[in-house]
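Trainee: I've just opened this one and don't know my way around yet. Can you walk me through it?
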Amino acid sequence: MGDDTSIWHFTHLMTGCTIGNNCNIGQNVFIGDEVVLGNNVKVQNNVSIYTGVICADDVFLGPSMVFTNVINPRSTIERKNQFKKTRVKKGASIGANATIVCGNELGEYCMIGAGSVITKPVKPYALMMGNPALQKGWVSEYGHTLSFSTAGIAVCPESGETYRLEKEVVTKITGSIKVI
């Protein structure tokens, strides 16, 4: 014991979890039974991922963010048969200290702001902030805010990729487009 180098930091993986390739899991992390993490998932320090959470490839879970798995928990009432599924789709990012209420789906490449509380499903590419979280805009796969033209077209300033907004749904456009 003696000096600071003797302090141990732990991560706890339950036997029933599935961890994909090339994941990065920080210290003081708990990953429960039946949790699924896809490939390239980054789990920052102090995150607990409880039974019912499924994260697709390339998901980012920020420091101290929280998942729940029961809508109405009580200390003296066991509700393990009432765990609700939470799905986090490919490329989604969840900021530090955010809370994800169970039973919701977070769409592809959405971005959840630090400290936000998610109480409903999140659309792909949506930028969510606040408590309860409200949609404040749209983001690219690189995480940049998208500014759509009157024709519903936006370009990511970093990647140059083009996106279309139509009927409150964002899609990435592959190939060339002609804007009139």
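Mentor: Sure, and keep in mind that this is a predicted model. Let's start at a hairpin: β17 and β18 form one, with two residues between them.

Trainee: Okay, how many bridges join β17 to β18, and do they run parallel or antiparallel?
Mentor: Five bridges join them, and they run antiparallel. One pair to look for is L127, whose bridge partner in β18 is G137.

Trainee: What stands opposite M111?
Mentor: That's L127 in β17. M111 belongs to strand β15, residues 111-112, which pairs with β17, residues 126-130, in the parallel sense over two bridges.

Trainee: And what sheet are these strands part of?
Mentor: An open sheet of seven strands with mixed pairing, in the order β3-β6-β9-β12-β15-β17-β18.

Trainee: Which are the edge strands?
Mentor: β3 (24-25) and β18 (133-138), each pairing on one side only. At the β3 end, two bridges join β3 to β6, residues 42-43, and the two strands run parallel. There, N24 has K42 as its bridge partner in β6.

Trainee: Switching topic: which residues in the largest nonpolar core touch the most other members?
Mentor: The core has 36 residues, and I49, L61, F67, I94, L106 and I112 touch the most other members. The elements giving two or more residues to this core are β8 (53-55), β17 and β18, so you'll meet our hairpin pair again.

Trainee: What does F67 touch?
Mentor: Leaving out residues up to four places away in sequence, F67 touches S48, I49, Y50, V53, C55, L61, T86, V88, I94 and I100.

Conventions
Residues numbered from 1 in each chain as written. Predicted model: local features only at pLDDT ≥ 70, side-chain atom pairs only at ≥ 80, totals over all residues. Heavy atoms only, no water. Pairing = 2+ DSSP bridges. Helix = DSSP H or I, 4+ residues; strand = E, 2+ residues; numbered from the N terminus. Core = buried A, V, L, I, M, F, W, Y, C linked by side-chain atoms within 4.5 Å. Buried < 20%, exposed > 50% of the residue type's maximum accessible area, 1.4 Å probe, protein only. Contact = heavy atoms within 4.5 Å.
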